[in-house]
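Grab the structure and work through these exercises on empty space and nonpolar packing. Each task comes with a step-by-step solution.

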Amino acid sequence: MSPTVRDPHDGGMHTTTPVLDPAHVVPANPALVQARDLTRVWGKGHAAQIGVAEVSLDVRRGELLAVIGPSGSGKSTLGSLIAGIDVPTSGSLVVDGTRIDQMKPDRLADWRGAHVGIVFQQFHLLPTLTAVENVELALELARVDAGRRERRRRAIEALEWVGLAAHVKKLPAQMSGGEQQRVGIARAMVTRPPMIVADEPTGALDQRNGHAVFELLAGLTSVGTTVVFITHDLHLAESADRVVSMIDGRIESVRGGA
Amino acid sequence: MRSMLRQFRRAPGRILASVFALALAIGAIGVLAVPTVSESTLHDAVGQDGLADIIVDTTPLDADQLAAVGDVSGVAVAEGQAIAAVELADGFLTRLIGLDLDHQTMDLVQLEAGRLPASEDEVVTTAALGAIGSHVVADGVSYEIVGHGSTLWWSGDDVLFAPFDTVAPMTGGANHLVVTAIDDGSASLHTLSDDIRAELGETGATYTTFPQLLPDGSTPIDDDIEQVSTLIGMLGIFAGMVALVLLAGTTNTLITERTREVAVMRALGGRSRQLRRRLRRIALGITAVALLVGLPLGVFISNYVARMVLTEFVGVTPSFAIDWVVVAASAIGALLAARLVAARAARRVTKLSLPEALRDRDGAPFGGRWTHRLLAKLPTGGLIGRIAVRSNARRPARTLAVTTQIAAAVAAAFLIPTLVSSVNDFNTATLAPWTWESVAIARDPGLPIEASDDHDRLGTSEAGIWVDGAIDDEEIWVYGLRTDSTFFSSDVREGRWYADTGREAMISNGFAERRDVAVGDTIPLELANGTVEYEIVGTVDDSNVAVYVDRADLAADLGAPGMANVVWSSSESPWLDVDAAVRVDTAADLAAEDEAGRDAVVLIFGAIGAIVVGVSALAVLSTMTVNLFERRHELAALQAIGARRRRLRGLLARELLPVGAVGLVAGLGLGALGARAIIGSFESADAIDIGVTDAVVAIPFIVAGTAAALLLLAAAVVRTTSKRSIAVTLRGAA
């Protein structure tokens, strides 16, 4: 079960146009992600390096799925494939009814902008943009049908939701790691994607900040957003709906859920 | 060495790009060696050929008169040659040069093939006049070609070399005097020439042309070579400056991109001094490897350009030469510059606060400076536009470097056509006052004026005199014209046209201004047979270095009253009633000659310009490659959140185009200033009005070329970026 978190519609948020539209709340089934025999290999012959090998997995709508495993087990590779920032060597990957494993780069970019939010361990904010501009950029790239003012308003709302109302005009270099990661979460969810892939988002943070970030992400499932949470932290993973354990590029076990 | 190899294995592409960029930069400095390589080739030729110190045409001299010249104090050796103007079977006018092949010590014929003439019906000439074994007919007499070759003095001309006894009967004796002086300093040669003229005068002979003095082992085309060399040298300095910027930029980047690595080492206890030394070694190692490629490249460039210069302007094919001074200076300069830049960059890198350096992966945090914070508040366009503006401000040194590199390329691209159009306009301007369609030139003042004036049955004609002279040792063309000349009509800037009484003269305005000659002055005019005086009564706008006097006065001054040596005509094929060997040049011929000369200049400067533009383009490419490497995470993150390649291209284009615009404006300004500096130096050196014609027509092409190159660069950068998996790039950052 997801932990209890602050509802993104509450407390300081606009009530007229909430950041997370209830229209996005959909039943938990059928599966949002359907991965079949996914394999990702770099190099050839003896130098071949296997990221994931023949992984098949369904991710349900609105669930919080934790992916755990030791370093090199392939959990980040699996997250990258699901997020559409890497392409499988073989296998098929259907996300929200769209097969993405054979998409051309530009179409895949459009798809990412509209269908997935990504949270990185190293934040990857644009260093020359302020917090609010970073969030606004995601709206612009996703071609959200809104004017510049509306986009700005939504970006500020997202930052307020992650508790950064006072930091909207700060540059990444002027913020702590925890603050930057919260900007990263605001950037990932501001376009209201059906899925967020978070690749070790707490890895570079202390325990308190890590926990806060996890709670923010987990809270998104309450409005129907699917969250794929890749982590080393077994304690946090235990709070997920399901836990996928990986080793040597393969799924070792799937725990929790029906 | 092991450390270098490790660096290479770590990023072979970037290290190779840096080495190549530095090598090209060092190679470009090789342009500076062109003048020395050219001069050394010429001086080698002088040594082989035995070029004289004083060369002059005379009235026919017998053995006693030659002996008298040999006895003049200061003369080491005096030799006589016989030169006759002859007409070949196809109507080509050339010279048959009679040499004492068994005894001569000067003007030795350098054979390319065959042998020297052994009898009076054999000649040596150029391949253009016939194959060895074939015959050439001159003035109705057939000569067998037994060899191909020439002397330095006649290089580039298709003339015939024969034994002295073949030609002497035609000329009445030796009529071309060559002298080697004991002291070949400039002042001594002037005195010696005057002494020889005086000695000849006592024997009833005289100079018929202005004596050519070649002090200190110089050659007759030294002036031309020096002018071309000056231009090449200036462009070389330009190329060198661009090369230094490239060298500094590349070295700086090599150090800066190791910011985080150095921070980790500092965190682990590495001492700053030790780390700085390590960074300097990396930069110096890469520069040393670049020198191995760059120095031979520079030697090749200098020899290639020197070959073009000498082949086009002198007709001499130079041998391979190396300017060791430039080689050593390039090597020392490159190592010193790399050392200085590396030291500065290393100091900066090791002084960054550790937390900041460890946190920032790119070595260029944004937000630490007030300018960053100010820019973050300014709405400079949309979000992509803001990233573009702030990214340029984030790395000001790099932005400045790219701007400078673009400016250098643009300056070279504008300077070259400006020089060409200026030379072109100058050539046109020098011919503008002359309205003849053809000019018939006799070797000596051998055309009776009375028989030449108005005797062209196909048009009008006018006899005149055109000889070399000097005013205060500055060479000047001396024209003897009718006071009512219909073929020369230049505007009088100051004063009036000369009259046919009172020894009056007009002078070129550029020469008058730069040599402080004013209307009313009396000038000493040195002619072939002595110095005479004229009063300047007017200055003319003729873009020339010339003095204009009454032809009758000049004919008398030259010791040939009533005689002329040119006939200007209104028809292209003049039909003159004169019995003398003349060469006819049409205005079209001269225009074509000017065009050929201009083409040669375009070829040479175009090659150097291409080097400068190439070095600059490579510098921009190298800087952008490093820029791309540093920003790969940023670009990958943009792609991860949904940016198409078009967006990335747009971002880079918005970054590059403003920089390109500034570089373009600065480059055009620099190019215009450079052209003015170069032409100004020639104007003051030659006392001549050349004028600058900016190649405005080239500007749209330069603008379009710059924009296209930058857009292509942006496209190429994005293409390279998108080839790599976003996930892999982002993971590399972690």
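**Exercise 1.** Find how many cavities of 30 Å³ or more the whole structure holds, and say which residues line the largest one.

*Solution.* Start with the search: it turns up 6 cavities of 30 Å³ or more. A cavity here is a set of points, on a 1 Å grid over the protein atoms alone, where a 1.4 Å probe fits but cannot get out, and lining residues have an atom within 4 Å of a point. Next, size: the largest cavity comes to about 130 Å³, where a volume is the space filled by probe spheres set on the points, joined across faces, edges and corners. Now the walls: S391(B), N392(B), R395(B), R398(B), T399(B), V402(B), M624(B), N627(B), R631(B), E655(B), L656(B) and V659(B) line the largest cavity. Two or more of these come from each of α13 (383-394), α14 (396-431), α18 (587-630) and α20 (645-686) of chain B. (Helices are DSSP runs of H or I, at least four residues, and strands are runs of E, at least two, numbered from the N terminus.) Last, chemistry: the lining splits into 4 nonpolar, 4 polar and 4 charged residues. Ala, Val, Leu, Ile, Met, Phe, Trp, Tyr, Cys and Pro count as nonpolar, Asp, Glu, Lys and Arg as charged, and the others, Gly among them, as polar.

A word on ground rules. This is a predicted model, with local features needing pLDDT of at least 70 and side-chain atom pairs pLDDT 80 or more, while totals for chains, interfaces and linings use all residues. Residues are numbered from 1 along each chain as its sequence is written, chains are lettered from A and ligands numbered from 1 in the order in which they are written, and side-chain values use heavy atoms, leaving out hydrogens and water.

**Exercise 2.** Which element gives the largest share of the lining of the second largest cavity?

*Solution.* This cavity holds about 90 Å³. Among its 18 lining residues, G30(B), G298(B), V299(B), V326(B) and V327(B) sit closest to the centre. The answer is α9(B), with 6 residues. By class, the lining has 10 nonpolar, 7 polar and 1 charged residues.

**Exercise 3.** Which element of chain A gives the most to the largest nonpolar core?

*Solution.* A nonpolar core is a set of buried Ala, Val, Leu, Ile, Met, Phe, Trp, Tyr and Cys residues joined through side-chain atoms within 4.5 Å; buried means under 20% relative accessible area with a 1.4 Å probe, protein chains only. The largest has 43 residues, with V135(A), L159(A) and F229(A) among those with the most contacts inside it. α6(A) contributes the most, 6 residues. A second, separate core of 36 residues includes V55(A), I85(A), A637(B) and L730(B).

Methods. On a 1 Å grid over the protein atoms alone, a cavity is a set of points where a 1.4 Å probe fits but cannot get out, and a pocket is an open set with protein on both sides within 12 Å along at least five of seven lines; lining residues have an atom within 4 Å of a point. Buried means under 20% relative accessible area, exposed over 50%, partly exposed in between (1.4 Å probe, protein chains only).
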